[in-house]
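The following exercises invite the reader to study a protein model step by step. Each task is followed by a worked solution.

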Amino acid sequence: MPFNINTIIRPNIKNLKPYSSARDEFKGEASVYLDANENAFGSPLATNYNRYPDPLQFALKTKLSHIKGVPPRNIFLGNGSDEAIDILFRSFCNPGIDNVIIVPPTYGMYEVSANINDVQLKKVNLTLDYQLNLDGIAEAIDAYTKLIFICSPNNPTGNSINREDIETLLANFNGLVVVDEAYINYSRQKSFIQELTEYANLVVLQTLSKAWGLAGLRIGMAFASEEIIEVFNRVKPPYNINQASQQLALDALQNVSQINNWIKEILSERDKLVLALKSMAFVLDIYPSDANFILVKTTDANAIYNFLVAKGIIVRNRNKIELCEGCIRITVGTPQENESLLNTLRILVI
Ligand SMILES: *Cc1c(COP(=O)(O)O)cnc(C)c1O
């Protein structure tokens, strides 16, 4: 049966009449705007922010469209990817009825968002080599399964998920397959955003928070069919990306070469970090990473974590997470920061 969005959208969202803002009702150019109760005198700042921002962020989407090779109508921008994740639940999952599948160990927000929205979560653990258990996923899918979240490269494990496995899900699942590519800029794997025309049930999440160095602006991207993006746009708060973020992101996107240089440097720093860590006695394993962090299996994650905290260095303790026992997750920093981490670890005796 071909994918049909009408079979998975929540009835209340299907029938939703969205809020119509002043900027929705009049779109052209005018000389006097007295329609939105703004302060026409200005803002007490060097830059004026007295006008409401573009609800659909046309300038920013046009710029992103050139960089990503995806038309603006297939792009949704959220207040971080986290907003896109939440909107997926609110648009497609009936609380108390529907369910979603996640594949732990993975990004924590899918579970939090499911719990906030009172949507049942089915967990199908990754295999021991951190790949999809396709049989387990097939067994978990029922008539009420609306979303499957796949994070690739995966957080916290760092590896990419096999492309053919994701394609198998896309071809056989009648709900949405959400591929979270927050770390795609560091990966050797191809992005799924070129497959939107191939799969009507594909949603790709990316973000400006990681490689683009703009975590503080809170801009996440979802790429999907026009039908899906249209649903997102109806459900989102009217002005979800503020004017300062839209403008600053547009400026930042002029600097593609800076970002590409940083990506190369981070990858080379990652390799150096792996090499140095490998020789340390308490390091049992370092998992292959396609991201800007590494998952390191150690003899005593809690002791290492606490020791580093005492020295003012914070890593992520993943010891309590199933399939990550003994692991810490280390983000690749600047050469100085990485050196400082290594020098500190060299004096650790456990
Ligand atoms: C960091 C991260 C994000 C980014 O979230 P934002 O809300 O866009 O900052 C999304 N997904 C994963 C897997 C991440 O690790």
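**Exercise 1. Burial of a ring pair**

Task: Determine whether F89 is buried or exposed, and classify the pair that its ring forms with that of F149.

Solution. The model is a predicted one. Step one concerns accessibility: F89 has a relative accessibility of 0%, so this residue counts as buried. The partner, F149, also has a value of 0% and is therefore buried.

Step two concerns geometry. A pair of aromatic rings is described by the distance of the centres and the angle of the planes. The structure holds eight aromatic pairs. In the pair of F89 and F149, the ring centres are 5.6 Å apart and the planes stand at 20 degrees. Planes under 30 degrees apart count as stacked, so this pair is stacked.

Step three places the residues. F89 belongs to helix α4 (residues 81-92) and F149 to strand β4 (residues 145-151), so the pair ties together parts 60 residues apart in sequence. Ring pairs also link F89 and F149 with Y107 and Y110 into a cluster.

**Exercise 2. A pair with another geometry**

Task: Classify the ring pair of Y183 and F293, and state which parts of the chain it ties together.

Solution. The ring centres of Y183 and F293 lie 5.0 Å apart, with planes at 80 degrees. Planes over 60 degrees apart count as edge-to-face, so the pair of Y183 and F293 is edge-to-face. Next, the location: Y183 is in the loop between β5 (176-180) and β6 (202-207), while F293 is in strand β9 (residues 293-298), so the pair ties together parts 110 residues apart in sequence. Both Y183 and F293 are buried.

F293 has a further partner: the charged end of R329 sits over its ring, 5.5 Å from the centre. A charge is also found at F192, where R163 lies over the face of the ring at 4.1 Å from its centre.

**Exercise 3. The cysteines**

Task: State how many disulfides the model contains, and explain why C93 forms no bond with C151.

Solution. The count of disulfides is zero. The cysteine sulfur closest to that of C93 belongs to C151 and is 18 Å away, which is too far for a bond. C93 is buried, at 1% relative accessibility. C324 is likewise in no disulfide, its nearest cysteine sulfur being that of C327, at 5.1 Å; a disulfide requires sulfur atoms within 2.5 Å. C324 is buried, with a relative accessible area of 0%.

**Exercise 4. Domains and cores**

Task: Identify the domains of the chain, and explain why the largest nonpolar core lies between them.

Solution. First, the chain is divided into domain 1 (5-252) and domain 2 (257-346). Their centres, taken over C-alpha atoms, are separated by 29 Å. In the contact between them, 23 residues of domain 1 meet 19 residues of domain 2.

Second, the largest nonpolar core has 76 residues, of which L132, I150, L277, I330 and L345 touch the most other members. Helix α10 (residues 256-278) supplies the largest share of this core, seven residues. Both domains give residues to the core, so it lies between them.

Third, one member can be examined individually. Leaving aside neighbours within four places in sequence, L132 is in contact with nine residues' worth of surroundings that include V103, I150, I161 and L169. Apart from this core lies another, of 33 residues, including F3, A114, L147 and C151.

Definitions and conventions:
Residues numbered from 1 in each chain as written. Predicted model: local features only at pLDDT ≥ 70, side-chain atom pairs only at ≥ 80, totals over all residues. Heavy atoms only, no water. Core = buried A, V, L, I, M, F, W, Y, C linked by side-chain atoms within 4.5 Å. Buried < 20%, exposed > 50% of the residue type's maximum accessible area, 1.4 Å probe, protein only. Helix = DSSP H or I, 4+ residues; strand = E, 2+ residues; numbered from the N terminus. Domains from an automatic or database assignment. Contact = heavy atoms within 4.5 Å. Phe/Tyr/Trp six-rings, centres within 6.5 Å; stacked < 30°, edge-to-face > 60°. Lys NZ or Arg CZ within 6 Å of the ring centre and 35° of its normal.
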